[in-house]
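User: Please take a close look at one part of this model, the sheet to which both chains contribute, and follow it outward to the elements around it.

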Amino acid sequence: MSFNIVVLAKQVPDTRNVGKDAMKADGTVNRAALPAIYNPEDLNALEQALRLKSKIEGATVHILTMGPARAAEIIRESMYRGADGGYLLSGREFAGSDTLATSYALACAIRKIGKVDLIVCGRQAIDGDTAQVGPQVAEKLGLPQITYAEEILDLSKNKITVKRRLERGVEVVKGPLPMVVTVNGSAAECRPRHAKLTMKYKRAATATEKQESGNDYTDFYDSRPYLNITEWGVSDIEHDIQWLGLTGSPTKVKQIENVVFTAKESKRLTASDVEIEDLMKELIANHTIG
Amino acid sequence: MNNIFVYLEIEDGIVGDVSLELLTKGRSLAKQLNCKLEAVAAGYKLDGIGEQVFPYGVEVLHLADDKRLAPYTSLPHTSLLVNLFKEEKPQIALMGATSIGRDLGPRVSSALFSGLTADCTSLEVGTYEDKKAGKVYENLLYQIRPAFGGNIVATIVNPDCRPQMATVREGVMKKEIKDPKFAGKTRKLEVPKYVADTDFVVEVIERHMEKSKLNIKGSPIIVSGGYGVGSADNFKLLHELAATLGGEVGASRAAVDAGFSEHERQIGQTGTTVRPKLYIACGISGQIQHIAGMQESAMIIAINSDPKAPINQIADYVITGTVEDVLPKMIKYYKKNSK
């Protein structure tokens with residue numbers, strides 16, 4: 001029996017480590033200086049999917065990502081860790097998508113994939129921190145959703161049981177398949193690359209990547225179909241163009257400002273006993289403490 | 001019609017602070033836009049909700065009282081809001097950026113094709129010019145939020161779609177009662193008209209909700225640590241200082257990620273927003289996403305071995321030194337000088 005799991009994943013700039021080099025002289029973010037990484041919570045989602053794959057006979061795990069050509073990197077990264085393959089959805093028609101247009105495009109791609117039993121993704125991506133795409137994909141597909149998942153506890157008789165980690169507590173919920181599950185960063189970390197799989201999938205590539213490499217490897221890839229990463233453009237999915245990209249995005253960015261904090265005039269102290277004691281006396285005297 | 005709606009988060013019959021904060025904000029927006037403030041309560045045994053929210057100026061409270069609506073599950077609450085919004089056509093809908101609001105909001109916005117902006121730090125009213133279409137929109141909701149890890153602030157608008165939806169974290173807006181005697185109207189909803197039986201597909205088997213033991217948001221003194229504290233062990237010094245001064249311990253995202261401190265202590269754009277009387281930042285470099293959550297502190301002391309740490313710019317006192325050196329001295333001299 002087949003059991004098809006799709007993991008929604010995103011390649012993101014590493015916004016957690018915006019160091020001094022990543023800021024340009026005018027105070028804007030130098031995006032080029034930020035490494036592109038696998039969105040952390042999507043890795044937690046991948047781990048949950050891989051655990052199910054090892055438990056359920058005939059289960060497969062495929063990655064679906066929307067992004068530029070280089071986003072194929074995270075599909076390969078997933079294959080090194082145990083995924084069976086992936087789909088890259090790419091094209092300028094998708095540019096400028098807000099979360100709703102993104103969700104619509106992903107939902108169209110999932111319909112194209114066909115029979116999908118479970119969709120898992122990270123709760124949110126670190127470049128936007130919105131946590132909207134998971135629930136919106138679910139709504140677009142008419143599927144139920146379980147967000148903030150920490151662990152998939154059970155999957156049997158067409159039902160999934162999930163432990164959710166909420167701000168102020170824990171819930172265990174059970175619902176029917178197919179289902180969309182979004183996974184928290186508090187879930188188990190993703191397993192590392194597997195050496196054999198890394199060797200096996202090292203040359204996995206999309207059509208664009210094969211073209212760019214310039215060599216004619218047609219025979220090589222024809223005899224190794226598992227190395228083909230599916231690449232879809234807008235014409236490969238059934239869609240209504242008005243729901244894609246900028247026109248499909250109800251939210252518009254009016255303005256972007258760099259964050260500049262007004263510097264205060266600060267008193268500089270050393271860690272000497274005298275200066276610390278004076279500070280504490282001052283704080284007590286003006287009733288800040290005590 | 002075209003009023004401002006706030007979705008109320010309810011736990012054990014009590015309306016959450018985040019909802020009361022949104023009602024306060026919603027009221028001031030309603031005044032600016034010359035419309036009414038309304039609220040939606042969905043759950044079970046909701047008789048006490050009216051008296052909790054009317055003082056905040058709620059003119060109409062829509063009440064969906066049904067055993068099956070508590071505890072919260074995604075689909076029934078979504079259907080309720082979607083169908084109610086189709087009827088009432090609010091211009092703005094607000095909800096908490098909590099594990100409920102961030103589950104519900106996206107689903108409702110997708111069903112209505114209305115834009116949603118998550119985690120807004122400010123909501124304002126203003127105009128928007130679409131130069132391409134040559135159109136000017138008056139009285140739009142400016143949904144202002146940090147993006148890109150807090151390094152930029154974006155103003156988002158929804159020119160054409162309604163309602164304009166936004167979520168806001170707890171503690172970002174201030175709550176303020178309008179009039180303790182304000183009398184709004186309650187409108188009881190016939191739940192089956194809004195929610196289908198087929199919506200009840202996900203069942204909650206177990207549920208353990210804790211009242212937050214920590215009260216970082218309400219603490220007048222916060223001793224907060226970053227990656228520069230160095231270890232979970234050194235964080236004990238922060239706890240000692242906080243206990244001595246009668247404050248709470250907070251942490252930056254980097255310190256939480258490194259495992260020095262618990263997630264619930266995180267301060268910043270993706271954690272709690274605080275405005276204490278005194279904020280002592282220990283070994284915190286001052287990433288924008290952290291500063292966004294504490295810059296309104298009345299007094300800031302930064303302790304850092306790096307004299308050029310960005311946090312120093314917004315600090316009232318900058319102590320150049322290590323946590324191991326400075327904190328024991330602060331404890332010692334506080335004890336010596338306090339009565």
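In what order do the 10 strands of the open sheet stand, and what is the sense of their pairing?

Analyst: This is a predicted model, in which local features need pLDDT of at least 70 and side-chain atom pairs count only at pLDDT 80 or more, while totals for chains, interfaces and linings use all residues. Residues are numbered from 1 along each chain as its sequence is written, and chains are lettered from A and ligands numbered from 1 in the order in which they are written.

The order of the 10 strands is β11(A)-β5(A)-β4(A)-β1(A)-β6(A)-β10(A)-β7(A)-β8(A)-β9(A)-β13(B), and the pairing in this open sheet is mixed. Strands here are DSSP runs of E of at least two residues, helices are runs of H or I of at least four, and both are numbered from the N terminus; two strands count as paired if DSSP finds at least two bridges between them. The edges are held by β11 (230-232) of chain A and β13 of chain B, and each has a single partner strand, so one side of each is left without a neighbour in the sheet. On average, neighbouring strands are turned by 25 degrees against each other, direction ignored; axes are lines fitted to C-alpha atoms, for helices over the stretch in contact, and angles run from 0 to 180 degrees between N-to-C directions.

At the β11(A) edge, strand β5 (residues 85-89) of chain A pairs with β11(A) in the parallel sense over three bridges, and A:Y87 stands opposite A:T230 in β11(A). Helix α3(A) packs on the sheet and touches β1 (3-8), β4 (59-66), β5, β6 (118-122) and β11 of chain A, with a direction that makes about 145 degrees with that of β4(A). Helix α4(A), in turn, lies across β1, β6, β7 and β10 (179-183) of chain A and runs at about 65 degrees to β7(A).

These two helices also pack on each other, at an angle of about 50 degrees and with their axes 8 Å apart. That angle makes α3(A) oblique to α4(A), given that angles under 35 degrees count as roughly parallel, over 145 as roughly antiparallel, 65 to 115 as roughly perpendicular and the rest as oblique. The crossing of α3(A) with α4(A) is right-handed, the near helix being turned clockwise from the far one by less than a right angle, whereas an anticlockwise turn would be left-handed. From α3(A), the residues A:T99, A:L100, A:T102, A:S103, A:Y104, A:L106, A:A107 and A:I110 meet A:V133, A:Q136, A:V137, A:K140 and A:L141 of α4(A), where contact requires C-beta atoms, placed from the backbone, within 7 Å. The residues of this contact divide into eight nonpolar, four polar and one charged; Ala, Val, Leu, Ile, Met, Phe, Trp, Tyr, Cys and Pro count as nonpolar, Asp, Glu, Lys and Arg as charged, and the others, Gly among them, as polar. In the loop between β6 and α4 of chain A lies A:A131, which has a positive phi of about 60 degrees although it is not a glycine.

At the other edge the sheet passes from one chain to the other, for six bridges join β9(A) to strand β13 (residues 203-209) of chain B, and these two strands run antiparallel. A:V172 stands opposite B:E206 in β13(B).

Turning to the interface as a whole, 64 residues of chain A are in contact with 74 residues of chain B. On the side of chain A that touches chain B, two or more residues each come from α3 (99-113), α4 (133-141), β7 (145-156), β9 (169-176), β12, β13 (267-270) and α8 (273-285) of chain A, and β9(A) gives the most, with eight residues. By class, the residues of this side of chain A divide into 28 nonpolar, 17 polar and 19 charged.

A further open sheet also draws on both chains: its four strands follow the order β12(A)-β10(B)-β9(B)-β8(B), with antiparallel pairing. Its edge strands are β12 (252-258) of chain A and β8 (122-130) of chain B, each of which pairs on one side only, and its neighbouring strands are turned by 35 degrees against each other on average, direction ignored. Within it, eight bridges join β8(B) to the antiparallel strand β9 (residues 135-147) of chain B, and the bridge partner of B:V125 in β9(B) is B:L141. Helix α1 (residues 17-33) of chain B lies across β8 and β9 of chain B and runs at about 40 degrees to β8(B).

Methods: Contact = placed C-beta atoms within 7 Å.
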